[in-house]
Amino acid sequence: MSSTPPSLPNNPQQLHEKIRTIARSVAAGLGIPLSREDLIEDTVSHVWTRLLEGKYNPTQGPFAAWCRRVCK
């Protein structure tokens, strides 16, 4: 049985890439240059921390929307 909610990829590498893609999109929307990989990776780490703390509740909405809120 998988420990990740159904809306999340089971593979941690795929999940990391999904988070990173969302973080890059949020950064671009905020006018942060995508060359600032340090900020993007810090954001990815922040999302992972929140995820591992159990802050994402799939019954309250899709992962992508939650991830965007955490990235901001």
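This is a short dialogue on reading one helix and a group of aromatic rings in a predicted model.

Reader: Where should I begin with helix α1, and how do its ends compare with the expected span?

Author: Count residues, then check the distance. Helix α1 covers residues 12–29, and at 1.5 Å a residue its 18 residues should span 26 Å; the end C-alpha atoms are 26 Å apart, which agrees.

Reader: Which residues of α1 are buried?

Author: Buried means under 20% relative accessible area. In α1 that describes Leu-15, Ile-19, Arg-20, Ile-22, Ala-23, Val-26 and Ala-27. Looking down the axis of α1, you find these buried residues within an arc of 165°, so they line one face of the helix. They pack against α2 (37–52) and α3 (63–71). On the face turned away from the buried side sit the exposed residues Gln-13, Thr-21 and Gly-29.

Reader: What can I look for at the start of α1, and what just after α1?

Author: At the start, find Asn-11: one of its side-chain oxygens comes to within 2.7 Å of the backbone nitrogen of Gln-13. Just after the helix, Gly-31 has a positive phi of about 80°.

Reader: How many aromatic pairs does the structure hold?

Author: There are three aromatic pairs. One of them joins Tyr-56 and Phe-63 edge-to-face, 5.4 Å centre to centre with 85° between the planes. Another, Phe-63 with Trp-66, is tilted, at 5.6 Å and 40°. Ring pairs thus link Tyr-56, Phe-63 and Trp-66 into a cluster.

Reader: Where do Phe-63 and Trp-66 lie, and are they buried or exposed?

Author: Both belong to helix α3, three residues apart, about one turn of the helix. Both are buried. Phe-63 has a relative accessible area of 1%, and Tyr-56, at 8%, also counts as buried.

Technical notes: Residues numbered from 1 in each chain as written. Predicted model: local features only at pLDDT ≥ 70, side-chain atom pairs only at ≥ 80, totals over all residues. Heavy atoms only, no water. Helix = DSSP H or I, 4+ residues; strand = E, 2+ residues; numbered from the N terminus. Expected span 1.5 Å × (residues − 1). Buried < 20%, exposed > 50% of the residue type's maximum accessible area, 1.4 Å probe, protein only. Arc of directions from axis to C-beta. Contact = heavy atoms within 4.5 Å. Polar contact = N/O pair within 3.5 Å; in protein donor to acceptor, adjacent residues only side chain to side chain. Phe/Tyr/Trp six-rings, centres within 6.5 Å; stacked < 30°, edge-to-face > 60°.
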